[in-house]
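Let's take a walk through this one together, starting with strands and ending with rings and cavities. Keep the viewer open and click along as we go.

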Amino acid sequence: MRVLAIMALGLFAAGAAHAADLNDPVWAQAPGQEDWAKAYPAHAAQAGISGAVKMKCAATSAGLLAACSVVQESPSGEGFGAAALSLATGMALRPQGANGEPVAGRNLIVPVRFEPALLHPGATVIGQPDWMRRPSQEEVQHFLPADSHGEAGHATIECVVTTRGLLEKCEINQETPTDHGFGASALAMTSTFLMRPMTVDGLPVGGARVLIPIGFQATPGDSPPATGTMKVMRAAPWLAAPTSQALAQAFPRGAVGKSASAHVVLRCGFRDDGSLGSCETVSEAPDGQGFASAAKSLVKDFRTYVDPTNTAKLRGLRVDIPFDFRDPTQPSPPIEIYDPIWLTRVNPEAVAQLFPAAAAKAGYNSGGAKVDCSVKHDGSLTDCVVADEEPAGFGFGQAALEIAAAMKMNPWTAQGDPVDGGRIGLPVKPVLPTDQATPAAKP
């Protein structure tokens, strides 16, 4: 990716520098691969044709793109120019370029590439990620698992990158040695990573997968345990969390109009009543604008579940909490919840009992539906509608609605957003119990 970036910068300087006065944009958000795939011109997609576009845009004070026009399109006549323009509304820059100067009012050339691989979201693996932030080795050592007993270890985690450059849907790919907690520790630090959401040559990273190797160094046997050997939770089952309104109100006044977004990670301890205290800043980007202080002002709104039979269970535990700030005066896309942490699920046996009688009578042993729902502040689902049903007309949609009504998710996402006002697509696939199954209906 870095080689491609250098090549792209060379082309930029040689072919388009005269048309732009912003040569150092730093992307804060870009449409993901699914958006790229939807924008891909239909004929070109069917024929497997690649395309490249350069747009000239003006940057607003919040880093949004305005007055975009196509200055170069190859091949022409396939619709790539119009497709690129449709993607511009989902792009945002950091309000300061790489040299620290404001981007407001400056023009820039935005390269956009279309490759057939983008038509298969999730299939792309980023080989050389361009990190805006990743934990230092000193920070990694703060996550050294207690079960390692100070020994060295290694883990590789596999994650999906969001359109903001954050990580989600992370899983352990490999860990050595096993059963020492290195994989879990690597997962715990995913909120401290931040990738550039678009490459310099115009490809998105949102929706792509990335493999992240993390090495833990051994600590001397006679050294006191590192602070990171404490147990650090990646997420807690929150009974209460800040609302979207509270997050917006905490946005630093001095940063309004200067930073479209920011990301902070705090590490906090638990009190016996489930509230938080003793918080320290793990990461802050951008720094120096008051976002860490804004995050700490919201800590009072968090409260986790406490086992009434063991109130001391939380002592010694710490939790990393991400905060994803967005300028409340600027338009932003609705929150899409990708990997919810479910606090309440429907028992599989209850799901089976909700299998539609009409479908069973018709000889169907399985089916499914997808419902689209809004999320309330407490994590419950509301305003659900059936988006898809297969087979249609046999009651699977209604069954999915009943299941969704009983589910409840963690009110704070792994990316640092409150869930209220978010949207989620929930697939439900009930299966008829085997003791009730009948031969499939004949056509």
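What follows is a tour of a predicted model, taken a few features at a time.

Start with a sheet. Four strands make up an open sheet in the order 6-11-8-9, and the pairing in it is mixed. Which strands stand at the edges? They are strand 6 (125–126) and strand 9 (167–176); each has a single partner strand, so one side of each is left without a neighbour in the sheet. As a reminder, strands of a sheet pair through backbone hydrogen bonds, and they can do so in a parallel or an antiparallel way.

Now zoom in on strand 9 and its partner. Strand 8, residues 153–161, runs antiparallel to strand 9, and the two share 7 bridges. If you want a spot to click on, try Val161, which stands opposite Leu167 of strand 9. Strand 9 also holds a backbone oddity: Lys169, found in this strand, has a positive phi near 50° although Lys169 is not a glycine. Is Lys169 buried, partly exposed or exposed? With a relative accessibility of 43%, Lys169 counts as partly exposed, because that class covers values between 20% and 50%.

Follow the chain out of strand 9 and you get to the loop between strand 9 and helix 6 (182–188), where Asp179 is found. Asp179 is another residue other than glycine with a positive phi, this one near 65°. Asp179 has a relative accessible area of 72%, so Asp179 is exposed.

A hairpin elsewhere in the chain is also worth a look. Strand 2 (residues 51–59) pairs with strand 3 in the antiparallel sense, over 7 bridges. Ala59 stands opposite Leu65 of strand 3. The hairpin has 5 residues between its strands, and here the positive phi, near 90°, belongs to Gly63.

Stay with strand 3 for the peptide bonds. Where does Pro75 sit? Pro75 is in the loop between strand 3 (65–74) and helix 4 (80–87), and the bond from Ser74 to Pro75 is cis, with omega near -5°. Another cis bond joins Glu390 to Pro391, with omega about -5°. Pro391 belongs to the loop between strand 20 (381–390) and helix 11 (396–405).

On to the aromatics. How many aromatic pairs does the structure hold? The count is 15. One of them is Trp238 with Phe270, at 6.3 Å centre to centre and with 35° between the planes, which makes the pair tilted. That pair links distant parts of the chain: Trp238 lies in strand 13 (residues 238–240) and Phe270 in strand 14, 32 residues apart. Trp238 has a relative accessibility of 4%, so Trp238 counts as buried. Phe270 is buried too, at 10% relative accessible area.

Another tilted pair is Phe291 with Phe325, at 5.6 Å centre to centre and 45° between the planes. This pair also joins distant parts of the chain, with Phe291 in helix 8 (residues 291–297) and Phe325 in strand 17 (residues 317–326), 34 residues apart. Both Phe291 and Phe325 are buried.

Now select the rings together. Trp238, Phe251, Phe270, Phe291, Phe302, Phe323, Phe325 and Trp412 form one aromatic cluster. For a ring with a charge over its face, go to Phe143: Arg267 lies over it, at 4.3 Å from the ring centre.

Last come the cavities. There are 6 of 30 Å³ or more. Take the second largest, which has about 60 Å³ of space. Its lining is made of Ala28, Arg94, Arg164, Leu166, Leu194, Ser261, Ala262, His263, Ala285 and Asp324. Which strand gives the most to this lining? That is strand 14 (residues 261–270), with 3 residues. By class, the lining of this cavity splits into 5 nonpolar, 2 polar and 3 charged residues. Strand 14 thus turns up in two places on the tour: in this lining, and in the pair of Trp238 and Phe270.

Key. Residues are numbered from 1 along each chain as its sequence is written. This is a predicted model: local features need pLDDT of at least 70, side-chain atom pairs count only at pLDDT 80 or more; totals for chains, interfaces and linings use all residues. Side-chain values use heavy atoms; hydrogens and water are left out. Two strands pair if DSSP finds at least two bridges between them. On a 1 Å grid over the protein atoms alone, a cavity is a set of points where a 1.4 Å probe fits but cannot get out, and a pocket is an open set with protein on both sides within 12 Å along at least five of seven lines; lining residues have an atom within 4 Å of a point. Grid points are joined across faces, edges and corners, and a volume is the space filled by probe spheres set on the points. Ala, Val, Leu, Ile, Met, Phe, Trp, Tyr, Cys and Pro count as nonpolar, Asp, Glu, Lys and Arg as charged, and the others, Gly among them, as polar. Rings of Phe, Tyr and Trp (its six-membered ring) pair if their centres lie within 6.5 Å; planes under 30 degrees apart count as stacked, over 60 as edge-to-face and the rest as tilted. Buried means under 20% relative accessible area, exposed over 50%, partly exposed in between (1.4 Å probe, protein chains only). A charge sits over a ring if NZ of Lys or CZ of Arg is within 6 Å of the ring centre and within 35 degrees of the ring normal.
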